[in-house]
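Got the viewer open? Let's take a walk through this structure, one selection at a time.

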Amino acid sequence: MNRIGYFGLFCIAVLAVVACTRRDGQKELKLGRDPVDKIVAAMTLEEKAYFVTGRGMNLPGVASTMNASTTPGEPVVGETKDLVEGAAGTTYEIPRLGITAMVMVDGPAGVRISPMRKDSGGTFYCTAFPVATLLASTWDTDLVQRIGQAMGNEVLEYGADFLLGPGMNIHRNPLCGRNFEYYSEDPVITGEMGASMIRGIESQGVGATPKHFAANNAETNRNALNTVVGERALREIYLEGFRIAVDKARPMTIMSSYNLIQNVYAAESRDLLTRVLRDDWGFKGFVMTDWFGGRDPVAIMQAGNDLIMPGSVDQAKAIMKAVQEKRLDEAVLNQNVTRILDMLARTPRFRGARYGNKPDLKAHALVARQAAADGMVLLKNGDAALPLSSGSKNLAAFGNTSYEIITGGTGSGDVNEAYSVSLADGLKGAGFKLHEGLRKAYAEYLEAAKAQAKPAQPLMPRPVIREMAVPSGMLAGAAEAADAAIITIGRNSGEGFDRKEENDFNLARAEIDLIRKVAGAFRARGKKTIVILNIGGVIETAGWRDWPDAILLAWQGGQEAGNSIADVLGGKVNPSGKLASTFPMKYRDVPSARNFPGVVLEANDRAAAEEAQDEQDMLAAFQRPKPSRIVYEEGIYVGYRYFETFGVAPAYEFGYGLSYTSFDYGGLSLSSSKFSGKVTATVQVKNAGKAAGREVVQLYLSAPAGKLHKPALELKGFAKTRLLQPGETQALSFDIVPRNLASFDPASSAWVAEAGTYTVKIGASSRDIRQSASFVLDTGLTVKKESAALVPGEAIRELGN
Ligand code: BGC
């Protein structure tokens, strides 16, 4: 007090009042200090309209009218420049009311920003974490939460506010080009993984953005695809993962999807965004569109899609005009603004959080390495070919991706990482020696192939380089010299395009030949062949899996992938991943193969001409989607629900994965044989082998079929043991609650559990059930009543699902 003195204090107080007082004498309001409703009341219509439409985006090849920042001479409020270079989008700031901008960066495999900046000599690399499909295969929610923390920390450290992830769509069909960004064919895994990721990200004080809500399961014509799906399948399969995530992790925002659902754009669907998301599930955050998603800004606002991204001046003007002409109730707009402000007040930029552009990339790389190793799935291990013995130090590495690993998919889910560890480098680092002649031959082959290839276009998938036909002399030499063969098969895909059945789902001729010849040459000399699958989605394996001794599904493991694969091959890490999506015998076994990726409507000469052109120009196909429709005829029978119920044998079933040890299951007990509110199942899992390891334990439920038909079994819970030493046992418990018994009945728009006997099945996979026990529900239950929303037309009703 002495130093400042009373006069000093008085001056500060006067200055504060002056600073908060407008010229007309009214007190200036500030978000954070004054209630949000007062702030909204103080906003002009123009401010509100610009606030709910983002600041645009400079996307190569996209018309500038879509880019607010490039529309000349427009009177825009709250200008924000490129706050974080390479961010996907920003929102308007309104400084007079203390409203800061929000910066959104992609996801979901890591933060996606420019690694270099115009005004800085520094670098701004981010960690490329393993793709979501791999993370789901860990079945380890704690680990996924730690990945989320690391990602969230990079968002914070680089001065952004929201990460555009996790991706939470269901793997309905193996060809969906973005499956690598999504977790699983099962909603429980999707929901649990998503919730853990959201918790991890938001623990850093930044926002997570689960996406793409909802039923966005194909990329072909993605902005014009009408998804027609029965209410039961919608609720039980396509919405359930999002519901779990909203319930357990309460994300700050959600991104609506590009597609239409029952003929209405997701971004314009009041049923989806208000009745289901808010009324039924109690979501309290705001909803943003996918980039350029939805059509009519007024309908978007009315649906409860609060923020239009990346936003344009035209959209803001349309909103202002609609309010002036009384086509849009200003109260609706006020509600949209309020929801965004409520969350904006939690963002780091608003809170004035300091950031240093220096995340601990080394620590994050360690988490990425562990996760990648923990999510790999050992599909085959004939004669204990793996781990490689200490006598197998000389390896012959075949396949392009042995030398140039694929860390993740393309498009917005790609990350600009500082480095990536190839398999060759990972193996060398782990003390293996690679056959030099082969290494050189591949280096020359890849260089020549790349020199001939067309340059990669931004956001487009990178063209795949055909496998080299290894000359027979070279193969024989390598088989003589090396102790074992490694063959890596790689796949890449990304946003805007679906994969193809031939030369992608099915291996190309050159790949088949490579596996057959290499395995033959090594087997003839009593040596082993190991196939590594460096892929983002499901492929065909049944036709060639007999040839190699072992198959390791390494997925796309992020920047540390080479090290992680070497950790597993060398036995430093005992594989503990299991499949979160089924590998069918053949593509046509998948029920959605009948209708994926939908049919183009109103084909006419113009469309045909465009199609011819599109085949040559992928960018054109990307920008010019054709109105199309897909009917989810298979209803709830997606993935293992189909294969197990209809007796179709897969190549590798849901939940499958081998280990270097084995586990015994025993002593399943239920807390009661009658269900009243809850039953707890407890099971003992023992490491019965010789190596330390972890086991993924799955709880399935088979419900009595009454009024509603039921899948043969459904996953209701899962857990992963700690690292068990040989001979060690761990008890695992699972709570079964009323919701786990229930199916969605479209007739009453309610989750209902029918009376009868329920069987708990504890499995090492969906086909390897080790323990089972039953309980009875005496009287049927209505577990939860929901809105009668998203009702499809009659046609799908007749399908009965
Ligand atoms: C993708 C989103 C992404 C957004 C921003 C869209 O094309 O579908 O997943 O977050 O772009 O980059």
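**First stop: a polar pair**

Select Thr680 and Asp735: their side chains are joined by a polar contact of 2.9 Å. Before you go on, keep in mind that this is a predicted model.

Now show the strand around your first pick. Thr680 sits in strand S19, which covers residues 679–687. Which residues touch Thr680, if you leave aside its neighbours within four places in sequence? Light up Ser669, Leu670 and Ser671, then Ser733, Phe734 and Asp735: Thr680 is in contact with each of these. Asp735 is the one you have already met, through that 2.9 Å side-chain contact.

**Second stop: the ligand**

Next, click on the ligand and bring up what is around it. You should find 13 surrounding residues, and the closest are Asp106, Arg178, His212, Asp290 and Glu495. What kinds of residues make up this shell? Colour the shell by class and you get six charged, five nonpolar and two polar residues.

Zoom in on some of the close ones:

- Asp106 has a polar side-chain atom 2.4 Å from an oxygen atom of the ligand.
- Arg178 places a polar side-chain atom 2.7 Å from a ligand oxygen atom.
- Asp290 also has a polar side-chain atom at 2.7 Å from an oxygen atom of the ligand.

How much of the ligand does the protein bury? On its own the ligand exposes 310 Å², and 93% of that is buried by the protein.

**Third stop: a five-stranded sheet**

Hide the ligand and switch to a cartoon view. Look for the open sheet of five strands, which runs in the order S8-S7-S5-S17-S16 with mixed pairing. Which strands lie at the edges? They are S8 (264–265) and S16 (599–600), and each of them pairs on one side only.

Stay at the S8 end and select S7, residues 260–261. S7 and S8 run antiparallel to each other, paired over two bridges. To see the two strands face to face, pick Leu260 and look opposite to find Tyr265 in S8. As a general point, strands of a sheet pair through backbone hydrogen bonds, either parallel or antiparallel.

**Last stop: an enclosed strand**

Finally, select strand S10, residues 377–381. Is this strand buried or exposed? Five of its five residues are buried, so S10 is largely enclosed by the rest of the structure. Add S15 (residues 550–553), which pairs with S10 in the antiparallel sense over four bridges. To pin down one spot along this pairing, pick Lys380 and find its bridge partner in S15, Ile551.

Note on methods
Residues are numbered from 1 along each chain as its sequence is written. This is a predicted model: local features need pLDDT of at least 70, side-chain atom pairs count only at pLDDT 80 or more; totals for chains, interfaces and linings use all residues. Side-chain values use heavy atoms; hydrogens and water are left out. Two strands pair if DSSP finds at least two bridges between them. Buried means under 20% relative accessible area, exposed over 50%, partly exposed in between (1.4 Å probe, protein chains only). A residue is near a molecule or strand if one of its heavy atoms lies within 4 Å of it. A polar contact is a pair of N or O atoms within 3.5 Å; within protein, one must be able to donate a hydrogen and the other to accept it, and residues adjacent in sequence count only if both atoms are side-chain atoms. Accessible areas come from the Shrake-Rupley method with a 1.4 Å probe; for residues, only the protein chains shown count as cover. Ala, Val, Leu, Ile, Met, Phe, Trp, Tyr, Cys and Pro count as nonpolar, Asp, Glu, Lys and Arg as charged, and the others, Gly among them, as polar. Contact means heavy atoms within 4.5 Å.
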